[in-house]
Amino acid sequence: MKQEKINPEIESSWKKLLIDEFNQDYFINLKKFLLEEKQNNIIYPKGSDIFNAFNFTPFNKLKLVILGQDPYHGEGQAHGLCFSVPHGIKIPPSLVNIYKEMESDLGIKSPQHGNLEKWAKQGVFLLNATLTVRKNQAGSHQNKGWEIFTDRVISLISEKSENIVFLLWGSYAQKKSTLIDAKKHLILKSVHPSPLSAYRGFFGCKHFSKSNDFLISKNIEPIDWTLE
C-alpha cells in the first residue's frame, strides 16, 4: 500500500524548507507513535499548537533562536513555544529567572504573565528539541524522532541563513552548537535558567543586550524584549 504523504499544518516558508523531512521514515514512524499515544494518553501541547514556534516565526523573519528541551507536561502549560506558557498560567521557575536576567540586563520590568508570543512574532524562534510530551511525564516523547527533526531544523537555519543569534542555555542546548556555523552566526552559551543552575552563570550573562548589540551591528532591527 502506498504511504500517504504527511502534510502538517505549518507556516509556508517552513513547509517549503521541510517538506522532504516530513516524509522521511523516522517522521512517518513518529507520526504513528503520536497517533497511538493519543489513543491511550493525554498529549501536550494540543495538535494545533505543536508547530507554533514555526507558525509564529516564519523562516524568512528569523533573527534569534532559543533552544529548549521538552514541552511543559502540566495541564494548560505547553503551547508550542519553549519556556512560554499561555496567559493565565503560573509563570514557571525557569521563565521567572529569564525575566530576572532580562530586568538586570535591560531594566525591563518582569511581566505578570509567561506568554512569549510577542517575542516569537518579532523573529525569536522558541524551539524545543522535542515537540510533544505525555501529561505529567517529563521526557516521555524523547528519542522517538523529534530530535532528528529539530536537529535538521537547526542545521537548515545555520546553512540557509546568516547573522542569526543562537542562545544555548544549559548543557543539552549547548551540544547543538555542533550543528551551527559559528562563522556565520552568533552563539551565546550559559548554564540553564532553572533554579538549580541559574546562579552559576545565567544571572549576569547579559544575553539580551548582547543579542541586540549583534543584530544592530548587522543592521538588523533589534528585539523589543518588553512583554507588557
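A residue counts as buried when its relative accessible area is under 20%, as exposed when that area is over 50%, and as partly exposed in between. The exercises below apply this definition and others to a predicted model.

**Exercise 1. Burial and backbone at three loop positions**

Task: Classify phenylalanine 83 as buried or exposed, do likewise for asparagine 136, and state what the phi of each is.

Solution.
Step 1. Phenylalanine 83 lies in the loop between strand 2 and helix 4. Its relative accessible area is 9%, so phenylalanine 83 is buried.
Step 2. Asparagine 136 belongs to the loop between strand 4 and helix 6. With a relative accessible area of 52%, asparagine 136 is exposed.
Step 3. Phenylalanine 83 has a positive phi, near 70°, and is a residue other than glycine. Asparagine 136, not a glycine either, takes a positive phi of about 65°.
Step 4. A further positive phi, of about 60°, occurs at asparagine 219, just after helix 8.

**Exercise 2. A cis peptide bond**

Task: Identify which residues are joined by a cis peptide bond, and give omega.

Solution.
Step 1. The bond joins tyrosine 44 and proline 45, and its omega is about -10°.
Step 2. Proline 45 is placed in the loop between strand 1 (43-44) and helix 3 (52-56).

**Exercise 3. The surroundings of glutamine 142**

Task: Locate glutamine 142, classify its accessibility and list its contacts beyond four places in sequence.

Solution.
Step 1. Glutamine 142 sits in the loop between strand 4 (133-134) and helix 6.
Step 2. Its relative accessibility is 25%, so glutamine 142 counts as partly exposed.
Step 3. Once residues up to four places away in sequence are set aside, glutamine 142 touches Gln69, Asp70, Thr130 and Glu147.
Step 4. From glutamine 142 to glycine 201, the separation is 59 residues in sequence and 27 Å between C-alpha atoms.

**Exercise 4. Aromatic pairs and the nonpolar core**

Task: Determine which residues touch the most other members of the largest nonpolar core, and relate them to the aromatic cluster.

Solution.
Step 1. The largest nonpolar core has 61 residues, and Phe54 and Phe149 touch the most other members. Helix 6 (residues 146-160) gives the most to this core, contributing six residues.
Step 2. The whole structure holds 22 aromatic pairs. Ring pairs connect a cluster whose members include Phe54, Phe149, Trp14, Tyr26 and Trp146.
Step 3. Apart from neighbours within four places in sequence, phenylalanine 149 contacts Leu18, Glu21, Phe22, Tyr26, Phe27, Phe51, Phe54 and Leu131.

**Exercise 5. Helix 8 and its packing**

Task: Describe how helix 4 and helix 8 pack, and state what covers the buried residues of helix 8.

Solution.
Step 1. The axes of helix 4 (residues 93-106) and helix 8 (residues 207-217) are 8 Å apart, at an angle of about 60°. The two helices are therefore oblique to each other.
Step 2. Helix 4 supplies Ile98, Glu101, Met102, Asp105 and Leu106 to the contact, while helix 8 supplies His207, Phe208 and Ser209. By class, these comprise four nonpolar, two polar and two charged residues.
Step 3. Buried in helix 8 are His207, Phe208, Ser209, Ser211, Asn212, Phe214 and Leu215. Their cover includes helix 4, helix 5 (117-121), strand 2 (64-68), strand 5 (165-169) and strand 6 (186-190).
Step 4. As an example, serine 211 is found in helix 8 and has 0% relative accessibility, so it counts as buried. Beyond four places in sequence, serine 211 is in contact with Leu64, Val165, Leu167 and Leu188.

Notes: Residues are numbered from 1 along each chain as its sequence is written. This is a predicted model: local features need pLDDT of at least 70, side-chain atom pairs count only at pLDDT 80 or more; totals for chains, interfaces and linings use all residues. Side-chain values use heavy atoms; hydrogens and water are left out. Rings of Phe, Tyr and Trp (its six-membered ring) pair if their centres lie within 6.5 Å; planes under 30 degrees apart count as stacked, over 60 as edge-to-face and the rest as tilted. A nonpolar core is a set of buried Ala, Val, Leu, Ile, Met, Phe, Trp, Tyr and Cys residues joined through side-chain atoms within 4.5 Å. Buried means under 20% relative accessible area, exposed over 50%, partly exposed in between (1.4 Å probe, protein chains only). Helices (H or I, at least four residues) and strands (E, at least two) are DSSP runs, numbered from the N terminus. Contact means heavy atoms within 4.5 Å. Axes are lines fitted to C-alpha atoms, for helices over the stretch in contact, and angles run from 0 to 180 degrees between N-to-C directions. Angles under 35 degrees count as roughly parallel, over 145 as roughly antiparallel, 65 to 115 as roughly perpendicular and the rest as oblique. Ala, Val, Leu, Ile, Met, Phe, Trp, Tyr, Cys and Pro count as nonpolar, Asp, Glu, Lys and Arg as charged, and the others, Gly among them, as polar.
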